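Trainee: I should be grateful for a close look at a single part of this model, namely a sheet, with an account of how its strands are held side by side. Please then place that part beside the other features you consider instructive.

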Amino acid sequence: MERLVIVESPTKARTIRSFLPEGFRVESSLGHVRDLPSSAAEIPAACKGKPWARMGVDVDDDFSPLYVIPAAKKKTVAALKKLVKDSSELYLATDEDREGESIGWHLAEVLKPACPVRRMVFHEITAEAIENALAAPRELDLNLVRAQEARRILDRLVGYTLSPLLWKKIAPRLSAGRVQSVAVRLLVERERKRRTFHPAVFLSLKALLNKRPDSPAHRFEALLHSLGGKILATGRDFDPATGKLPPGKDRLLLTEEEAGSLVAALKTESWRVSDLQEKSTVRNPYPPFTTATLQIEASRKLGLATGRTMKIAQKLYENGYITYMRTDSVHLSQEAISAARERIVSLYGEKFLNPQPRRYRTKDKGAQEAHEAIRPAGREMRPPGSLPLAGPEAALYDLIWKRTIATQMKPARLRFQTVSITAGEALFKANGRIVDFPGFFKAYTRGTDRPDEKPVDRSDQLPPVEIGEEVDCRELESRTGETKPPARFTEAELVKVLKDEGIGRPSTYASIINTIISRGYVFRRARELIPTFTAFAVTGLLEKHFADLVDIKFTAGMENQLDNIARGDQGWLEYLRRFYLGQDGLQGRVRTKEAEVDPRELVAFTIGDPPVEVRIGRFGPFLAWEKDGEAVRTSIPADIPPADLSEELVNRLMLQKEEGPRKLADDPETGLPVYLKLGPFGAYIQKGENGAGKEKPKRVKLPKEISFDGVTVETALRLLQLPRILGTHPETGNPVKAGLGRFGPYLLHDGSFTSLKKPHNVLEVTLEEALEVMAQAPARGAKGGKKALKELGKHPGDDGPVRIMDGRYGPYLNHNRTNVSLKSDTDLESITLEDAVARLEAKAAKKKKPATKKKKPAGKKKAKKPAAKKSSPPAG
């Protein structure tokens, strides 16, 4: 009889299969095989109608969970049951973290094997790791299972108890969550600071100086630091809430007149070096990647969303290229350290190798997700160029490889220079940086969220000067500075705060961010995460009535309790009882608050005087105010960040509601009226009346570079003529068009779209400029602009290109209008032109067959679903 090994994914199964001896069979469970019901349709008939059924947790029966096998998994479970019956042993080789342990336990519960069950764990998929895991299997860790179970039940209790309250008091389809609500609050708090922010304007002087004799290498910049001993005010000196200097802050504020006079006076002064300061420092390499730090760096350096990072990392792990990617540990094994040190010597030389092996220790006591940091798998520390990787997979592996290599390199040595230059009563300062020895910078430097920051690995050296030396002032100008509001969170920054505060588990951060976006609490703009008006209203309710549930320290404390359960230091049942049913338990509090919370008091915020309320309704955010004793309301454009909702915009929306849209003119060709309107998705131009005739009036969204008040009749008429033909392409003879779409200005040629970005303007761009933009754009496929991963050749039928494309849901074959999806674990390098043509022709032939409906046999009734059973968490 064969021995059966079960893993979560087909890719992992395929990789492990190559390392196992004969007599083993590897199959995939395709993730979880059972879970709490996700919808009412999944609740078995025997449980429907019971008060706890929708939640899926019977609170009165010691929080017994109701587990169901989703319809999509029943076929998989049936196949695995059949295989288990014919197996001599069952090896559960699911991932080594809590979730993997839970999947393994559920498999054992569902399959009910009669043969011995072994737990097989490894943190990398290599021949040696699989061999060691086979030689030393263990039992299922029920403490880990309990912790995961408690976490799952706790999240269900919070979500299913609080969410109905939000539906009743604010709007339908809202949700609350143990971690998601705290993440949303962090974003809302930052946006509130932006709303209350008052900018401050200040002036400074910048001088371009040079050491004698004049040469480009001798030139450097210096900024005014003080005048007559009084330090000049800079942006960091102002109170962001008032835009003024705080009381007691003794700083010099120059007026434009004073700055101009000072420039004229200093041009006649002699400039002399008055002080030199130099500070040496050492930069040590960063620890190897954990789940959170990988997400942060991949966002900063590669521009990857957290969810995308984890999917790519999962694929790299399952193909045997990196170690397990869900880990809080920064520990590196001795074999990894040795491999990295050997690779450093071969690539960079002995002088870059740290004298002693560098070992990192994990400070977080809850870091027990896995045994090692994320690093290249195996003993060789294979360089990125030696692996069959491309695109984002290659980029992420390269990032992991460089970070791991850098851990065993020497520190970087830097010197920071400060030169003070005196001119009359003015003191200027210039700063420089010298990299004396790059050390680990040779392999790796950390990313930043701020593109204006200078790279730390590059020298920016000042010319050698001495105290008393005279320098020449080539240029001197006054500069106006303005303070900026607090920057919104990027995904990287949000993950960092959640990690540093101990909120949630790093392995769940990607799903948390996806959840708050999909639920309408947050939207992305460029790299920023912007909370919506709905987020403001929900956060306000939770802060007022359930403050602890959105408190950072309280939520971090919950994580500590769950870690205690995982270690076996605390009972899961006692914790759940106290949290949900205790004296201040969530169940009782929600019942009390349901009667106390008045929906009329729940506003996102108020603005203006007299105050106008921002409220949330069934169809989104709206403004509410009174006019002549009557309630009036109008919708707010959905893409406006709350901090950008100014009194001016509110007044404009109110005026449009009371007086109607602003008519610009009549279209000279059709005679139809042309309006400037504000709608749920922003400002737009409309030609014609609503509901007049069968055709909808033409609408064009106002480009961001054109302000509402700056719209002229000429501009509006030109926008209504989009898309416009610029001319014909010199190579194809086909038209090139410029237009405005959902994602902004674009160029269109032969069905392929190219984004049109600044400094180009959709109304002014010429054919020559368009051809240049399209030529510089990355190669993209037709109809939808998807990226071609591989050109396979010409189709023998019509010489049309056959490609492997990178689609939204994974790779696919493309020829003309025929597409064939490829499985995510398909080896793209192995696909030949002949293989692709065969698949495409099979798909094309299938398309031509007329669809026929199957008739249901008379008298047959749909079989009832078998009732699922409640399951108790594993006994202690």
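Mentor: Two strands count as paired if DSSP finds at least two bridges between them. Please keep in mind throughout that the model is predicted.

With that rule, consider strand β25 (residues 735-741) and strand β26 (residues 744-749), which are joined by five bridges and run antiparallel. One of the residue pairs can be found by name: Leu740 has Pro745, in β26, as its bridge partner. On the other side, β25 is joined to β24 by four bridges, and these two strands also run antiparallel. Here Gly727 stands opposite Val736, which belongs to β25. Six residues lie between β24 and β25, and the two strands form a hairpin. In its turn, Gly733 has a positive phi of about 75°.

These strands belong to an open sheet of four strands, in the order β24-β25-β26-β27, with antiparallel pairing. The edges are occupied by β24 (724-728) and β27 (752-755), each of which has a single partner strand, so one side of each is left without a neighbour in the sheet. From one strand to the next, the twist averages 30°. Strands of a sheet pair through backbone hydrogen bonds.

Side chains offer another way of tying parts together, and the aromatic rings illustrate it. Rings of Phe, Tyr and Trp are paired if their centres lie within 6.5 Å. By this rule, the model has 14 aromatic pairs. One of them joins Phe202 and Phe238, which are stacked, with 5.8 Å from centre to centre and 25° between the planes. Phe202 lies in strand β7 (residues 201-210), whereas Phe238 lies in the loop between β9 (230-231) and α7 (256-266), so this pair ties together parts that are 36 residues apart in sequence. Phe202 counts as buried because its relative accessibility is 13%, and Phe238 is buried with a relative accessible area of 9%.

An edge-to-face pair is formed by Phe289 and Tyr444, with 6.4 Å between the centres and 80° between the planes. Phe289 is found in the loop between β10 (271-283) and α8 (291-302), and Tyr444 in the loop between β12 (426-437) and β13 (470-482); the pair therefore ties together parts that are 155 residues apart in sequence. Both residues are buried: the relative accessibility is 0% for Phe289 and 2% for Tyr444. They also belong to a cluster in which ring pairs link Tyr286, Phe289, Phe440, Phe441 and Tyr444.

Tyr444 has a further contact, since Lys301 lies over the face of its ring, 4.5 Å from the ring centre. Elsewhere, the charged end of Arg190 sits over the ring of Phe489, at 4.1 Å from the centre of that ring.

Finally, strands may also border open space. The second largest pocket has a volume of about 1,200 Å³. It is lined by 45 residues, and the closest to its centre are Leu223, Thr234, Arg236, Asn431 and Arg479. β7, β8 (219-227), β12 and β13 each give at least two residues to this lining. The largest share, seven residues, comes from β8.

Methods:
Residues are numbered from 1 along each chain as its sequence is written. This is a predicted model: local features need pLDDT of at least 70, side-chain atom pairs count only at pLDDT 80 or more; totals for chains, interfaces and linings use all residues. Side-chain values use heavy atoms; hydrogens and water are left out. Rings of Phe, Tyr and Trp (its six-membered ring) pair if their centres lie within 6.5 Å; planes under 30 degrees apart count as stacked, over 60 as edge-to-face and the rest as tilted. Buried means under 20% relative accessible area, exposed over 50%, partly exposed in between (1.4 Å probe, protein chains only). A charge sits over a ring if NZ of Lys or CZ of Arg is within 6 Å of the ring centre and within 35 degrees of the ring normal. Axes are lines fitted to C-alpha atoms, for helices over the stretch in contact, and angles run from 0 to 180 degrees between N-to-C directions. On a 1 Å grid over the protein atoms alone, a cavity is a set of points where a 1.4 Å probe fits but cannot get out, and a pocket is an open set with protein on both sides within 12 Å along at least five of seven lines; lining residues have an atom within 4 Å of a point. Grid points are joined across faces, edges and corners, and a volume is the space filled by probe spheres set on the points.
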